[in-house]
Amino acid sequence: MKKISLLVFLICTSLSAQLKVGDISLDFGEPVTDTKIGEVIQISGVHNNTIYALARQKNKFFLQTFDAATSNFKSSVLLEFDKLNGNKLEIQDLTVLGDKIYLMLSYYDRKEKTNNFIAKEIKDDKIIKTTNLLSVPVEKKSKMGSFVFTTSYDEYNYLISHVGINERKEELAYSVKLYDNNLNEVLSDTYEVVFEEQKDQFFDFSDVQVNEHGDVLIATTESFRDKKNKTSVNNITIHAYLSKNEYKKQVTNVTLQGKRALNCSLMETKDNTLHAIGFYSDLKNSGRAEYTVEGIYDVTFNYTTGEVTKQTFNDFTVAVKEKLIGERRAKKGKDLKPFYRNISFVERDNGGVIVLSEYALVVQGRSSGIGPLAITPYTYISNEIIVTALKQDGSLEWSNVIPKEQQVTVSELGFTLGFGGGNGGVSVSAGLYFPLAILGNGPEFLSAIPIYHNGELTVVVNDDPKNIGITDIDDVKKVRNIKKMIPVAFTFDEQTGELERTDPLEFEKKQIVIRPATKYRKASNVYYIYGGNKEGNCIGVMTLN
């Protein structure tokens, strides 16, 4: 790795920048103006008063550090690594586990026909050790499946899972491994789903997490037609590996009657209740699901015993649907198109959960080039956000809509959002919405940052200055230039869900634009964020006072 000299390559202004949006303050460190060291695409963690971040400049990646107290730039190191056994390595993650820093990469071994996930430990700006964490046999490169990875709640463990399909065996399998901060294996398991005799099979690897107790929780959804019994089967399955039981697997199946779960996310509340939350659709008389989203479900249970306590289905209200599809269609009972993605879950002080569901559509354009070098344009559309407040028992208390229209197009080497097999399909929802391969080109400016503090929800988004003061979704103008957006705060009344918009009182044409996808939560009301303008980019602190 090469260390880039601060004196030679870095030019910083003498004053840091501050922005104010109502009760939210955004305080940035000195902007970095050297374009040769790239832009930060991931804020990975904090250790010894130092912020560690991953930066990208075209096909080069850098380990960058910033002072945690001032947010000022400290150093940038080019991450250099050779091919492994002649196989190209792809960066997946940079993570801080306890006092260790690891660069996570993957590669396909052409000779062995395996998909591999490895870790490279970094110390004193050097890669000192490489560890193979997970190796999975696959049919071929075009069917090598997907990796899903995450740090634990306390950032001392790292979980890796692989989801793949073998068409010849008509079998889907996932593998999961958990490591401590020294990369000692804590858990290892595999699970298979057979497609034989099952028509219209749909399987989604929906969510995976390691909670504050060190338990591993995995959620999957499955839907298929049982040809033998001529019935439609729709299940949510929770795979729980409890640390107190030495990670012995416990499986809980939840069968939905007349409904199909389109996805599923897990949210554990302080009363040790696990909420499985997602979208659902009605089933037709034929047993197939409608191509619409009817509402949000909340299945609550005690995962330590596997006992399901309640299933609740909340249709989207007419008031919400009127804002999204019009009064006439809403009153006729029409439902929403399945283009919404649950982007955040917030535990309320009263034990309930707030769900943020964003209109998120990726449109793939026509590729240019041949084979693995083909460049494909992807248009990321990130529009309105449905905010749904659920009570402690999972029933609806209130809902509202954040109005916005954002869009950006990037052209990169293609990446897989999901993969199909058999008569149905397999998808992996439990991954990064914005892959690292495309960050640094625009999508990081989209979406939102939710902050729940002192019993009140505030959501920060980027918007066009032409939309200042606008809360009616029909009056919102589409963002035309993402680099000229301003930060806007939407605050919700905890009891009624009434929305209030706050715009910055003062802003400049060349002010710093934040990137919601590049953030790191420090406290309930404090985030490390990243932003920039034509004069440079910088790390900052966003605080809700």
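Reader: Hey, quick one to start: is Lys334 buried, partly exposed or exposed?
Author: Lys334 counts as partly exposed, because its relative accessibility is 39%. Keep in mind that this is a predicted model.

Reader: Okay, and where is Lys334 found?
Author: Look at the loop between α3 (327–331) and β25 (340–347); Lys334 is found there.

Reader: Which residues form the positive surface patch?
Author: That patch is made of Arg328, Arg329, Lys332, Lys334 and Lys337. So the lysine you started with is one of its members.

Reader: And what about negative charge, which residues gather in a patch there?
Author: On the surface, a patch of negative charge brings together Asp23, Glu456, Asp493, Glu498 and Glu500. To find one of them, go to strand β35 (residues 499–502), where Glu500 is found.

Reader: Is Glu500 buried or exposed?
Author: Exposed: Glu500 has 51% relative accessibility, and the exposed class begins over 50%.

Reader: New topic, salt bridges. Why can side chains pair up like that?
Author: Side chains of opposite charge can pair when their charged atoms come close.

Reader: How many salt bridges does the count come to?
Author: The count comes to 14 salt bridges. One of them joins Asp189 and Lys249, with the closest N and O atoms 3.2 Å apart.

Reader: Where in the chain do Asp189 and Lys249 sit?
Author: They come from distant parts of the chain, 60 residues apart. Asp189 is in strand β15 (residues 185–194), while Lys249 is in strand β19 (residues 249–255). Lys249 is partly exposed, because its relative accessibility is 29%.

Reader: Cool. What does Lys321 meet in a salt bridge?
Author: Its partner is Asp335, at 3.4 Å from N to O. Lys321 belongs to helix α2 (residues 318–325), and Asp335 lies in the loop between α3 and β25, 14 residues apart from Lys321. That loop also holds Lys334 from the positive patch.

Reader: Which of those two is buried, and which is partly exposed?
Author: Lys321 is buried, because its relative accessible area is 6%. Asp335 is partly exposed, with a relative accessible area of 21%.

Reader: What about Glu494, which side chain does that one meet?
Author: Glu494 meets Arg348 in a salt bridge, 3.0 Å from N to O. The two are 146 residues apart: Glu494 in the loop between β34 (486–492) and β35, Arg348 in the loop between β25 and β26 (353–364).

Reader: Are Glu494 and Arg348 buried or exposed?
Author: Glu494 is buried at 15% relative accessibility, and Arg348 is buried too, with a relative accessible area of 2%. Both values count as buried because they are under 20%.

Reader: Which residues are linked in a network of salt bridges?
Author: Glu39, Glu444 and Arg515 are linked that way.

Reader: Zooming out, how many helices and strands are there?
Author: The protein chain has three helices and 38 strands. It has 545 residues, and buried ones make up 55% of them.

Reader: How much area does the chain expose?
Author: About 25000 Å², with carbon and sulfur atoms supplying 45% of that.

Reader: Last thing, where does Ser223 lie?
Author: Ser223 lies in strand β17 (residues 216–226). It counts as buried, because its relative accessibility is 9%. The C-alpha atoms of Ser223 and Ala289 are separated by 9.2 Å, although the two residues are 66 residues apart along the chain.

Note on methods
Residues are numbered from 1 along each chain as its sequence is written. This is a predicted model: local features need pLDDT of at least 70, side-chain atom pairs count only at pLDDT 80 or more; totals for chains, interfaces and linings use all residues. Side-chain values use heavy atoms; hydrogens and water are left out. Patches are made of residues with over 30% relative accessible area and no salt bridge: like charges are joined within 9 Å, nonpolar side chains (Val, Leu, Ile, Met, Phe, Trp, Tyr) within 5 Å. Accessible areas come from the Shrake-Rupley method with a 1.4 Å probe; for residues, only the protein chains shown count as cover. A salt bridge is a side-chain nitrogen of Lys or Arg within 4 Å of a carboxyl oxygen of Asp or Glu. Lys and Arg count as positive and Asp and Glu as negative; His and the chain ends are not counted. The place of a charge is taken as NZ of Lys, CZ of Arg, CG of Asp or CD of Glu. Helices (H or I, at least four residues) and strands (E, at least two) are DSSP runs, numbered from the N terminus. Buried means under 20% relative accessible area, exposed over 50%, partly exposed in between (1.4 Å probe, protein chains only).
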